[in-house]
Amino acid sequence: MSALLSVRDLRKHFPVRTGLLRRETARVHAVDGVSLDVEPGETLGLVGESGCGKSTLGRTLVRLYEPTSGSIQYRGEDFLALRGERLRSMRRRVQMIFQDPFASLDPRMTVGQILSEPFKVHDACPPRERLERARALLETVGLNAAYLNRYPHEFSGGQRQRISIARAMALKPELVVADEPVSALDVSIQAQILNLLKDLQQEFRLTYIFISHDLAVIDHFCDRVAVMYLGRIIEVAPKDELFRNPRHPYTQALIEAVPRVGAGKKQMQPALRGEVPSPIDPPAGCHFHPRCPKRHDGCDREYPGLVEVGPGHRVACRLHGADAIPGAGIQP
Amino acid sequence: MTETVVSVRELQTTFHTRAGPVRAVDGISYDIAKGRTLGIVGESGCGKSVTSYSVMRLIEPPGEITGGSVLLDGEDLLSLPEERMQDYRGSRVAMIFQEPMTALNPVLTIGYQMDEQIVRHMGLTRRQSRERALEMLELVGIPAPRERYASYPHQLSGGMRQRAMIAMALSCEPDFLIADEPTTALDVTIQGQILELIQKLQERLHMAVQFITHDLGVISEIADDVLVMYAGTACEKAPTHRLMDAPRHPYTVALLQSIPRIGRREPRLPAIGGTVPTLHELPAGCPFQNRCPRVVDRCRAERPAMTAIAEGHELACFNPVEDR
């Protein structure tokens, strides 16, 4: 199967400008050399803590940000080289859903206008059919078609997220990047939206890149998971493999840190000490080494990159792979 | 026998809105003993935060506490004169928040703010209070406390700010701590660190803790007992393991089923249909009736009251889920 999306050594750096002349004095290495393939029909999860670059990566993949370097191929075509009409047609096929349904809908437009907009911008149907299409979209996401004349502020958070999803589905995309789509929602509403996204995936044969900080949501929703830390993917594996057999010390700590429902009151034992360092000046070698409980000599100098350790399971850690530190990679 | 520190009875808080009065908290009762943690859990708008602010008497117009009592060691906080309450806040009752800047003043150094409080409540000199503040900063795990003492809040990271706020809140050794979603804005690895810290300080100071969160996982790991709230009312209260293993209220059951859990495999989550009614349009009877799979006629006519069904287990439901 050939990949739908193929990313190689992608970097996105943001300049930090200070002083009167706004000179660039530093760079935030938000995405720092990411390579990944996304297969058609799959849901790839991107997980990590704040500042790991998962949202920047998502936005760069849909070209909301122009990457600093690297390549993105979409169905074998160079996505970054597209201009004009070709780019517009590509944008129809790649859509994005955001975390905050309050900020992503224009408060001055009615739901009908919001949902007609994609058809207008892309001239996707005759003008008089637009409202009809908008009505159908509302029904697709489980909202009453009578809402067409209402404004976003009249809806709850969950309903607004349904409207955002309807807008993303308007032009029948192939790939949807969903950036924390349920993080702002209450748990009972979160389940409704996750179920809706699953239904739409079946109906429209969608491919998802699903960004979340919540490992339980990732485990529920995704087929494959990539774990990010300070701009890099440090482990990627099929979901079951990743949660049952995490190999990177950071992935292990991250999974362990999730509070378990029904676990019972316990003596809290933090999985990790210290905080995520600044992406402006990330630690040399493996970015994780200052917090790593299994760090060895040289981890502060060498970064091994992703190495295959099992079928579809790749990890960037010197404890694993063919050149692993002897005896260190054995898991208890 | 455990020693009850806090005893809240029939607490009621009303907001006077243009559309008429709404009861954000409507008849909530609970006790918390020394060294114990009560978790209060519920979704947005369920009244869990308003309950906390009411206990601290931090409700401002158009809100008003319209009934009930809050006994701290037998003394009703709701009938104290405001000056007395001010003495109690910070010294006997303290509160920590989701957003540390709610409690920290951005234009004053951490040390200045801590000193102000310590001098006022503990009657120490400036020099003694500085010692005390440094001791607290060290206790909450802030590296280089002397430097941080002179820092402004914005110079600290989110996790460190949370620690500084906790140091400040606990510097006068309160008997009762209210923690309102203190880890919600934090990353999961930092959350673990802050939960450990709260637990450690609770053991040291023997505080009663009221821990508010929407996260059932966090509640599971930190609380001794849990109170579940819905639309301003209490649904169910039980020891944590019992509530998680054998919930009886249909809302508690649905809430526990609707959250994704690591390792649980099911294609679809059993979602709760509909949305929480706004407080303006609450139906007569049980507030959960319109979303409840077990609704019976009586639920529409009458509001169920919290009733004890077992040791420490209370329930407000006419048609509860079978006991497993």
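Strand β7(B) pairs with strand β8 of chain B, residues 208-213, in the parallel sense, over five bridges. I start here, in what is a predicted model. Within that pairing, B:Leu177 stands opposite B:Val209 of β8(B).

There is a second parallel partner. Strand β6 of chain B, residues 93-96, pairs with β7(B) over four bridges. There, B:Val93 has B:Phe176 of β7(B) as its bridge partner. So much for the pairing of β7(B).

How is β7(B) connected to β8(B)? The two strands and helix α7 of chain B, residues 188-205, make a β-α-β unit, and that unit is right-handed.

Now burial. β7(B) covers residues 176-180, and five of its five residues are buried. In a regular strand, side chains alternate between the two faces of the sheet. For β7(B), one side carries B:Phe176, B:Ile178 and B:Asp180, the other carries B:Leu177 and B:Ala179, and all of these are buried. Both faces of the strand are therefore covered, given that a residue counts as buried with 20 or more other C-beta atoms within 10 Å of its own. Note that B:Asp180 is on the list of buried residues.

For contrast, take B:Glu10, which lies in strand β1 of chain B, residues 4-17. Is B:Glu10 buried or exposed? B:Glu10 counts as exposed because it has 11 C-beta neighbours inside 10 Å, and the cut-off for exposed is 12 or fewer. Beyond its neighbours within four places in sequence, B:Glu10 is in contact with B:Gly27, B:Ser29, B:Gly67 and B:Gly68. As for distance, its C-alpha atom is separated by 28 Å from that of B:Ile198, and the two residues are 188 apart along the chain.

Next, chain B as a whole. Its secondary structure comes to 11 helices and 12 strands. The C-alpha trace spans about 65 × 50 × 45 Å along the principal axes. A compact globule of 324 residues would have a radius of gyration near 20 Å, and chain B, at 21 Å, agrees with that. Buried residues make up 48% of the chain. Of the contacts in chain B with a separation of 6 or more, 62% are between residues 24 or more positions apart.

Chain A, in the same order. It has nine helices and 12 strands. Its radius of gyration is 21 Å, close to the 20 Å that the globule rule gives for 332 residues, so chain A is as compact as a globular protein of that length. Its C-alpha trace spans about 70 × 55 × 50 Å along the principal axes. Of its residues, 45% count as buried. Residues 24 or more positions apart account for 61% of its contacts with a separation of 6 or more.

Then the interface. How many residues of each chain take part? On chain A there are 39, in contact with 40 on chain B. On the chain A side, α6 (187-204), α7 (215-221) and α9 (249-257) each supply at least two residues. The largest share, eight residues, comes from α6(A). By type, the chain A side divides into 20 nonpolar, 11 polar and eight charged residues.

Let me look at α6(A) by itself. It has 18 residues, which at 1.5 Å a residue should span 26 Å; the end C-alpha atoms are 26 Å apart, which agrees. Its buried residues include A:Val187, A:Ile189, A:Ile193, A:Leu194, A:Leu196 and A:Leu197. Also among the buried residues are A:Ser188, A:Gln190 and A:Gln192. What covers them? From chain A, the cover includes α5 (157-169), β7 (175-179) and α7, and from chain B it includes α10 (250-258). After the helix comes A:Arg205, with a positive phi, near 50°.

The last element is α9(A). It is mostly covered, with seven of its nine residues buried. Those residues are A:Pro249, A:Tyr250, A:Thr251, A:Ala253, A:Leu254, A:Ile255 and A:Ala257. Which elements cover them? In chain A they include α7, β9 (224-229), β10 (232-238) and α8 (239-244), and chain B contributes α7. That brings us back to the start, since α7(B) is also the helix of the β-α-β unit with β7(B) and β8(B).

Methods. Residues numbered from 1 in each chain as written. Chains lettered and ligands numbered in written order. Predicted model: local features only at pLDDT ≥ 70, side-chain atom pairs only at ≥ 80, totals over all residues. Pairing = 2+ DSSP bridges. Right-handed = clockwise from strand over helix to strand, strands pointing away. Contact = placed C-beta atoms within 7 Å. Nonpolar A, V, L, I, M, F, W, Y, C, P; charged D, E, K, R; others polar. Expected span 1.5 Å × (residues − 1). Rg over C-alpha atoms; globule rule 2.2 N^0.38 Å.
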